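Subject: Structure handover

Hi,

Here is the structure I promised to pass on. Have a look, then read my notes below.

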Amino acid sequence: MTNAPVKKVPIHLQSSQNRLLIKNGRIVNDDGIEEADVYIEDGIIKQVGRNLIIPGGTRTIDAAGKLVMPGGIDPHTHFELEMMGAKTADDFYKGTRAAVAGGTTTIIDFVLPEKGQSLLEAYANWREKADNKVCCDYGLHVGVTWWSPAVQKEMKQLVSEQYGVNSFKMFMAYRNTWMLDDYDLYCAIETCAELKALPQVHAENGHIIARNTEKLLAAGVTRPEGHQLSRDEEVESEAVNRACVIANQANSPLYIVHMMSKSAVRALQLARNKQKQPVYGETLAATVGTDGTHYRNSCFRHAAAHVLSPPLRPDPSTPQAMVEALADDHLQLIGSDNCTFHEKDKEIGKGNFSKIPNGVNGVEDRMTILWQKGVNTGIMDPCRFVAVTSSSAAKIFNLWPQKGRVAVNSDADIVVWDPRLEKTITAASHKQAVDFNIFEGQHVVGGPQYVIVNGRVCLDDGELRVVEGLGKFLKTPINSPYVYGEQNLSHADHDLLEPLSRDSPDRVNGSSVPTDLALVNKHLEGLSVTSSGCSTPTGRKMRDPMQRDLQNSTFSISKETEGLDTKTSVRVRNPPGGKSSGLW
């Protein structure tokens, strides 16, 4: 067993870790693909290019046939959280260890104060739990679970340089615990806008859920399927619309966490036409990797293991639709909402589904699941994959370009991704502490071969070598240029843009990237996809939705152009707010 933490060794004593060269790979950022080597020293990317001058004593990783990508940023985790009478299985060591194993090098967790508790006190508790355990860098969102002038004052303190928080989460669900009514929600969102912080919302109608739960239990529905029945898609989509209306009244941007249904995304699309400020949508690995049919499994352990809020949807078309939404920029990020509970904890809700602790795994499998469901099917290309798993989170939470980019002076948080690496996901083999995996038995092609965290190789040709306490706390400054900057078009403005033509530049994450086919093919040289579609360097779809499902295909990379049809036309996806692919 290798579960015992590795003791921290000072970086300056690790000569082989201090200098690192990644050569012969293809660098994938959110805005393009290039052939270049990467030289790392003291945890920072120092050089990017060919024919680099490298000092002696440098370790070399040969990345031929591999992709060199920014480490994943998971914007939504819950480690060491106590809720509903239980404590999560994954603490900050075990959870970040699993994150690194899956290619994620930064996580952002949630401080969730109890009602009446000081936000500053709760923040201090989370820092104390995390600082000496994390295997990778981490940031913190802070929950606003009650409202008063004291809470407002503490929000102003938390955004200061001393604390480094730029996002606050409010709940429209969990009545009598974390939920705010609309008045308090308006006040909290308004305060975020005044502070140039980003409000986040868990969008469900808590009052409807409470009443539906009473009715279901009275009718004898006690098993896990009652959880989904108490809060169907309409209950989520109504809250998404209401949150957008409140944010618009407050002239505030908005970030909606864990969007789980087609109805919710449709509500977000409609609301964006009216919003004065940007609205960002996040979905989960669970949403694209499985569905709500599991709630009716006859085994309580199996069904309860899938319980989270909002719930997985029984509509079997939901997973692909959510991947399409990510590809089309109707959703901007994918998180894990990793909040794991052992079987014994889930059993608290035997006989009453409303008492089942909410949460599933995902921090370890987030990137491989999306690669399998998104890239291997041709729905998105590697650039868009990088955007939704890393770069967009870095920009939104003001960590860019320190995080989320392979470039000179960026942190050396890097994944060397092997698009041919195969594995079957199982609870028996995963690195998480929990005893169940909602993706059990799924075969995925593509995954991390090497993961570099702050310049240290922590996944070394498949062997996990994490260091407890290696990670540091990331202060996230307010007034993110990506959220509040003048150059940021609102989504309503985006909807007024003309459809893209071959000769027009396309705005990708705030930068202008040409979509000329000659340039696309130049970027594509050496890439091949086992279908008639091609990747582009701008995060566009790789196939027409009418083509056959390419679930079993594999994305491959080689130095040669063998198998690449450079005359194949490139299908450019629609701009945000444009015509969708038909799944909506």
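First, a bit of vocabulary: two strands count as paired if DSSP finds at least two bridges between them, and strands (E, at least two residues) and helices (H or I, at least four) are DSSP runs, numbered from the N terminus. Keep in mind that this is a predicted model, where local features need pLDDT of at least 70, side-chain atom pairs count only at pLDDT 80 or more, and totals for chains, interfaces and linings use all residues. Residues are numbered from 1 along each chain as its sequence is written, and side-chain values use heavy atoms, with hydrogens and water left out.

Now the sheet. It is open and made of 4 strands in the order β5-β4-β1-β6, with mixed pairing. β5 (44–49) and β6 (59–62) are at the edges with a single partner strand each, so one side of each has no neighbour in the sheet. β1 (residues 19–23) runs parallel to β6 over 4 bridges, and Leu20 has Arg59 in β6 as its bridge partner.

Then the largest pocket (on a 1 Å grid over the protein atoms alone, an open set of points where a 1.4 Å probe fits, with protein on both sides within 12 Å along at least five of seven lines; lining residues have an atom within 4 Å of a point). The largest pocket is lined by 32 residues, with Met83, Met84, Tyr174, Thr177 and Trp178 nearest its centre. β9 (82–83), α3 (119–130) and α6 (206–218) are the elements that give two or more residues to that lining; α6 gives the most, with 5 residues.

Cheers
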